[in-house]
Amino acid sequence: MPRQLPVLGTAQKKVVNEDVAELTSGARTAAESLGYRYAEIERGHRFRFLFDPLRLLEQKDTIRAYAAGEDPFPKSVEIDPANSCNHHCTFCIYSSLHSKERSERMDSERLLSLVEELAELGVTSLLFVGGGEPMTHPKTVDAIELAARHGMSVGLVTNGSRVFPDLAARLKQAATYVRFSLDAADPALHASLHGNNDHHRIIANLRALAAADGPCTVGTGFFINDANVHDLVACGELVKECGANYIQYKSYSGVAVEPELHERMLSGLDQALDLDDEHFDVQIVDRIFDNGTHQVRGYSRCHWQQFKPAIGADGNVFLCAQKRTRTDAGDGIAGVIGNINNSTFAEIWRGEQRRQVLEQLVLKSCPFCVHHQQNRMLEFLTGFDAPHGKFF
Ligand code: SF4
């Protein structure tokens, strides 16, 4: 529920920054125009702030404890039940984990005991998303149901091909959200992008999930690239017609989108926004507007690692999800703090290996960090002591 804020008079209701933009930028860029249109639509979303980095502010107690110099257990953990995947996406950043030599699956008993263990430590949300397709593990839905019985919120990001109607019915009850990675409305385009001719099955599964009984939010994510930009509106129409709650449009982080493609993205998204109504949210990630690839890490250390580690299908526990594929790439890059196949999560968290990895972490060696904004915010919250701090 939105909080009650002081009531403004009608004359004040118009949002100031829009007027300022008109005065200062004059001829707006296409990105700016779309950004303001989106900002207005986004204010009415049922699932507002779904992808906002500042959601971390909800974790006030953990932030307070961390800022006070304690070492709290994380409240959220990402778990990869499997590195195997039945799709072969041309743009997958984790494709190296899907090779024949890798494709590990977490031991089923360990997966379930891990959920129990994390619940006991006070973890309140789990995310099942990678390194491969989570639904290629036979116990993923059991693990999600177990977590839900412990009162945890659970997210599942999947290619959707194995969310068969019987499993969809269970997920709709147990999960907090399920998001399908669906990058095309056109089956032939899907086959060329995902390396699997299973579009019809994914759409049938999406319909079944949306129609099933339960509180879980259902959405899809669309990765825009050169090959599918022409299909983004059609995909939004299809997803809406399937009964999903939202579609999220995104682009690669840290990779500059060529001006011509950027222009086509913005124009397609402008049309896609027409699909937004009280039953269907069209979500656009911020980076599409600014198309920024520049990142200077002014923070003194990685703060994010305290809040959301990732546990791989091989049992390795990583400082963050982005470290999944970077375990042996040289000084300061390795981010493995232990392995759940020979230790408990609590032992790893308090262990020597974690201490050493944190001590050796060189931020310059990290990939483009999708948690840059949270790191900047946490640097401020944990270290604010400005000489002119009374002025704001
Ligand atoms: S990639 Fe980002 S979140 Fe991960 S360890 Fe580096 S700075 Fe931290």
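This is a short walk through one sheet and three helices of the structure above. Bear in mind that the model is predicted.

Let's start with the sheet. Ten strands make it up, and the sheet is open. Read across, the order is β7-β6-β5-β4-β3-β2-β1-β8-β9-β10. The pairing is mixed. Now, which strands stand at the edges? They are β7, residues 281-284, and β10, residues 336-339. Each has a single partner strand, so one side of each is left without a neighbour in the sheet.

Stay at the β7 edge for a moment. Here β7 pairs with β6, which covers residues 246-250. The two run in the parallel sense, and four bridges join them. Pick out I247 if you want a landmark: its bridge partner in β7 is V282.

On to the helices. Find α5, residues 140-149. Is this helix enclosed or open? Seven of its 10 residues are buried, so α5 is largely enclosed by the rest of the structure. The buried ones are T140, V141, A143, I144, L146, A147 and A148.

What covers them? The cover includes two helices, α4 (108-120) and α6 (165-174). It also includes two strands, β2 (125-128) and β3 (153-158). Both of those strands belong to the sheet we just saw, where β3 and β2 sit side by side in the order. After α5 comes G151, and its phi is positive, near 85°.

Next, α5 against α6. Their axes come within 9 Å and cross at roughly 25°. An angle under 35 degrees counts as roughly parallel, and therefore these two helices are roughly parallel to each other. The crossing is left-handed. From α5, the contact uses V141, I144, E145 and A148. From α6, it uses L167, R170, L171 and A174. By type, that is six nonpolar residues, two charged and no polar. Notice that V141, I144 and A148 are also on the buried list.

Last stop: the other partner of α6 in this talk. That is α8, residues 199-211. The axes of α6 and α8 come within 8 Å, crossing at roughly 35°. Which hand does this crossing have? It is right-handed. On the α6 side we have P165, A168, L171 and K172. They meet N205, A208 and L209 of α8. This contact divides into five nonpolar residues, one polar and one charged. Look at L171 once more: it takes part in the contact with α5, and it also takes part in the one with α8.

How values were computed:
Residues are numbered from 1 along each chain as its sequence is written. This is a predicted model: local features need pLDDT of at least 70, side-chain atom pairs count only at pLDDT 80 or more; totals for chains, interfaces and linings use all residues. A residue is buried if 20 or more other C-beta atoms lie within 10 Å of its own, exposed if 12 or fewer, and partly exposed in between; C-beta atoms are placed from the backbone. Two residues are in contact if their C-beta atoms, placed from the backbone, lie within 7 Å. Two strands pair if DSSP finds at least two bridges between them. Axes are lines fitted to C-alpha atoms, for helices over the stretch in contact, and angles run from 0 to 180 degrees between N-to-C directions. Angles under 35 degrees count as roughly parallel, over 145 as roughly antiparallel, 65 to 115 as roughly perpendicular and the rest as oblique. A crossing is left-handed if the near helix is turned anticlockwise from the far one by less than a right angle, and right-handed if clockwise. Ala, Val, Leu, Ile, Met, Phe, Trp, Tyr, Cys and Pro count as nonpolar, Asp, Glu, Lys and Arg as charged, and the others, Gly among them, as polar.
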